[in-house]
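Reader: I'm new to this one and would like a friendly tour. Can we take it one question at a time?

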Amino acid sequence: MAQTQPILITGGTGFIGSHTAVVLAEAGQPFVILDNLCNSSPKVLDRLARLNASPLEFVQADIRDSAALDALFARYNFAGVIHFAGLKAVGESVAQPLRYLENNVSGTINLLQAMDRAHVRRIVFSSSATVYGDPAVVPIPETAPLTATNPYGRSKLMCEDALRELHAADPRWHIAVLRYFNPVGAHDSGLLGEAPNGIPNNLMPYITQVALGQREYLQIFGNDYDTPDGTGVRDYLHVMDLAQGHLAALRALDTPKLLTVNLGTGQGVSVKDMVDTFARVNGVPIAHRFVARRPGDVAQCLADARQAKALLHWQTQHNLERMCADAWRWQSMNPQGFDTPL
Ligand code: NAD
Ligand code: UFG
């Protein structure tokens, strides 16, 4: 991959995309961002500029807009695409399945068709550990059975299937399917982080908002799971490690192939561990109450992370303490998210 050819980042103003932009910039890899801003702020671009990670161009457009994609692919000789753009709220997907399938699946297929027309056949795709459903074995290997338990998960599985069919039909494609576990943390400058709209669904942003006093207490969903302390166990990884995983995947796609890789630490952390670690590292107690299990949650979900090491030469560098410290720095410096003047 020639260094001078840019990469297209779809969803590049979002949580993971913006951190990946910083990693690409640090590696001297130019990039363009396309995002329709349905779940991110244009102010992310100011923060990227302060981190010397500006895109060559920011295009406010939708991945379902073929004309916009064709025009963009005509302007740049892209080396490949890192495709983050998508809707990601599980509960919302249950209420609005068609919106999720249309945005995530039709959007991805539209993007792949535009790439094919432009002869850009290298893509890194954001999949999720959600494709493993309620896993029979943990840590979960990439060969585990795949299933969908909600329309969001279905959309990821359908995109994965489309990529597998595409590669089978046309082996010129370079495809990395990255199955993320639970990304948390923030850039250590405090300039970039996760800024969910409304009440956070995910554990870490909820904890940071309790720490800030924006929410009264954390509800811990279930303390009767078959786990060491009864609370749910997940594989949390620092978003900067996850971002590095995308650079590693691009590099691994030097020849046509289809790679399917878990990105996680392989270490299980319970909700209680997370609350205790956050409080200890940051010196901020997290008020919490145990409540009923959240429907659809699994007891444990953690990665078998060996393939990522073998195929991408990638492994995580940041520990749980660092994830908690960076998440808190971001939240405390930006109580209003990207609307906070800095
Ligand atoms: P995010 O919502 O912060 O970023 C996604 C970005 O995509 C947003 O900026 C949004 O505006 C944009 N977008 C959505 N639909 C679009 C469309 N049709 N056209 C153009 N832009 C569009 O989410 P994130 O946490 O950065 O996640 C990035 C990707 O990783 C998503 O595909 C998500 O499903 C996947 N993923 C996330 C997690 C997680 O826990 N954050 C876990 C597994 C997988
Ligand atoms: N939890 C709480 N209280 C909260 C929020 C979460 O106790 O307010 C618990 C959950 O029950 C779970 C753990 O914290 O045990 C992690 O929950 P998250 O919502 O942060 O993450 P999930 O593992 O449930 O879901 C994430 C992504 C999904 C993705 C899934 C699998 O949000 O999009 O990982 O990859 F599908």
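Author: Happy to. One term before we start: helices (H or I, at least four residues) and strands (E, at least two) are DSSP runs, numbered from the N terminus. With that in hand, N52 can be placed in the loop between α2 (44-50) and β3 (58-60). Keep in mind that this is a predicted model.

Reader: What is the phi of N52 near?

Author: N52 is a residue other than glycine, and its phi is positive. You'll find N52 in the loop that runs between α2 and β3. The value for N52 is near 55°.

Reader: Which residues does the cis peptide bond join?

Author: Look in the loop between β5 and α6, where P139 is found. The bond there has an omega of about -10°. The two residues it joins are V138 and P139.

Reader: Now the ligands. Which residues are closest to ligand 1?

Author: Ligand 1 has 28 residues around it. By class, that shell holds twelve nonpolar, eleven polar and five charged residues. The closest are D35, N39, S40, K88 and Y152.

Reader: How far is the polar side-chain atom of D35 from an oxygen atom of ligand 1?

Author: A polar contact here is a pair of N or O atoms within 3.5 Å. S40 offers one, with a polar side-chain atom 2.7 Å from an oxygen atom of ligand 1, and a polar backbone atom of N36 sits 3.2 Å from a nitrogen atom of the ligand. For D35, the distance is 2.6 Å.

Reader: How much of the accessible area of ligand 1 does the protein cover?

Author: We've just seen S40 reach an oxygen atom of ligand 1 at 2.7 Å. On its own, ligand 1 has 820 Å² of accessible area. The protein covers 95% of that.

Reader: Which element gives the most to the shell around ligand 1?

Author: The elements that give two or more residues are α1 (15-26), β5 (122-128) and α6 (151-169). The top contributor among them supplies three residues. That element is β5.

Reader: And ligand 2: which residues come nearest?

Author: Here 21 residues make up the surroundings. They split into ten nonpolar, seven polar and four charged. Those that come nearest are N202, Q219, R234, R294 and D297.

Reader: How much of the accessible area of ligand 2 does the protein cover?

Author: Start with a few contacts to oxygen atoms of ligand 2: a side-chain N or O atom of N202 at 2.7 Å, a polar side-chain atom of N182 at 2.9 Å, and a backbone N or O atom of T130 at 3.3 Å. Alone, ligand 2 has 690 Å² of accessible area. The share covered by the protein is 88%.

Reader: Which strand gives the most to the shell around ligand 2?

Author: The strand in question spans residues 218-221 and gives four residues to the shell. Its name is β8.

Reader: Last one: is the crossing of α3 and α5 left-handed or right-handed?

Author: Helix α3 (residues 66-75) packs on helix α5 (residues 97-117) at an angle of about 35°, and their axes are 10 Å apart. On the α3 side, S66, L69, D70 and F73 meet N110, L111, A114, M115 and R117 in α5. That contact has five nonpolar, two polar and two charged residues. As for its hand, the crossing is right-handed.

Key
Residues are numbered from 1 along each chain as its sequence is written. Chains are lettered from A and ligands numbered from 1 in the order in which they are written. This is a predicted model: local features need pLDDT of at least 70, side-chain atom pairs count only at pLDDT 80 or more; totals for chains, interfaces and linings use all residues. Side-chain values use heavy atoms; hydrogens and water are left out. A residue is near a molecule or strand if one of its heavy atoms lies within 4 Å of it. A polar contact is a pair of N or O atoms within 3.5 Å; within protein, one must be able to donate a hydrogen and the other to accept it, and residues adjacent in sequence count only if both atoms are side-chain atoms. Accessible areas come from the Shrake-Rupley method with a 1.4 Å probe; for residues, only the protein chains shown count as cover. Ala, Val, Leu, Ile, Met, Phe, Trp, Tyr, Cys and Pro count as nonpolar, Asp, Glu, Lys and Arg as charged, and the others, Gly among them, as polar. Axes are lines fitted to C-alpha atoms, for helices over the stretch in contact, and angles run from 0 to 180 degrees between N-to-C directions. A crossing is left-handed if the near helix is turned anticlockwise from the far one by less than a right angle, and right-handed if clockwise. Contact means heavy atoms within 4.5 Å.
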